[in-house]
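This report concerns a predicted model of a protein with a ligand. Please consult the sequence and the coordinates alongside the text.

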Amino acid sequence: MKSVAIYPGSFDPVTNGHLDIIERGLRLFDKVIVAILINPAKKSQELFSVEERIEMLKNSMKNIENTEVDYFNGLLVDYAAKRKANAILRGLRAVSDFEYEFQLALMNRRLNREIQTVFLMTGFRWIFTSSSIIKEAARFGGDVTSMVPEGVNLKLKEKFKNRQVGF
Ligand code: PNS
């Protein structure tokens, strides 16, 4: 039987750190499904639409075999069970990630004991990168070329081109 992991997240947008976790995950699992959470409550805080995020993920992952891009709403464990996944994959960067991730993993375990959460330590280069900090830098004209796939860099530039900087 093939082992399948769900790698869930907002991916707003995908970063090199996410791709690093996907590649590490593929050393443990036969397939990694990257699943974007559709979260109506967070819609106003999102920079990219779900369609844009799917497109950026697909482009960035086109040379990585045994992966799939999907989206879900509702409970992650229900989606994972529906996709017959054995595990939920999450990346850990600095210690600051730990508390939230621990809480999420324990809640998911209470909700479905069959699905294990697997944490992988992100590559050292990406320890301090996140979609949020990258968006903030890009918004004010910072160069984030080395932190995101090329297509994402272009989309960020496009997104912020006509936006006024300041208050
Ligand atoms: O990249 P993020 O935003 O940190 O990802 C968070 C995510 C999508 C993994 C988490 O919010 C999630 O799984 N949401 C779906 C609802 C759910 O199952 N929540 C956990 C138990 S209440």
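The following paragraphs treat the nonpolar cores, one buried acidic residue and the ligand site in turn.

The largest nonpolar core of this predicted model contains 30 residues, and those touching the most other members are Tyr7, Ile22, Val34, Leu57, Met61, Leu89 and Leu156. At least two residues of this core come from each of the strands β1 (4-9), β2 (31-37) and β4 (87-92) and from each of the helices α1 (16-25), α2 (50-60), α5 (131-139) and α6 (150-161). Helix α2 provides the largest share, 4 residues. Beyond its neighbours within four places in sequence, Leu156 is in contact with Pro13, Leu47, Phe48, Ile134, Lys135, Ala138, Val144 and Val148. A second core, separate from this one, has 12 residues, including Phe72, Leu76, Ala85 and Ile88.

Asp12 is placed in the loop that lies between β1 and α1. Asp12 counts as buried because its relative accessibility is 5%, under the 20% cut-off. A polar side-chain atom of Asp12 lies 2.9 Å from the backbone nitrogen of Phe48. Apart from neighbours within four places in sequence, the contacts of Asp12 are Gln45, Glu46, Leu47, Phe48, Arg53, Ser131 and Lys135.

Around the ligand there are 14 residues, of which Gly9, Ser10, Leu75, Leu76 and Arg90 come nearest. The table gives polar contacts with oxygen atoms of the ligand.

| Residue | Protein atom | Distance to a ligand oxygen atom |
|---|---|---|
| Ser10 | side-chain N or O atom | 2.6 Å |
| Leu76 | polar backbone atom | 2.8 Å |
| Arg90 | polar side-chain atom | 3.1 Å |

The ligand taken alone exposes 550 Å², of which the protein buries 75%.

Note on methods. Residues are numbered from 1 along each chain as its sequence is written. This is a predicted model: local features need pLDDT of at least 70, side-chain atom pairs count only at pLDDT 80 or more; totals for chains, interfaces and linings use all residues. Side-chain values use heavy atoms; hydrogens and water are left out. A nonpolar core is a set of buried Ala, Val, Leu, Ile, Met, Phe, Trp, Tyr and Cys residues joined through side-chain atoms within 4.5 Å. Buried means under 20% relative accessible area, exposed over 50%, partly exposed in between (1.4 Å probe, protein chains only). Contact means heavy atoms within 4.5 Å. A polar contact is a pair of N or O atoms within 3.5 Å; within protein, one must be able to donate a hydrogen and the other to accept it, and residues adjacent in sequence count only if both atoms are side-chain atoms. A residue is near a molecule or strand if one of its heavy atoms lies within 4 Å of it. Accessible areas come from the Shrake-Rupley method with a 1.4 Å probe; for residues, only the protein chains shown count as cover.
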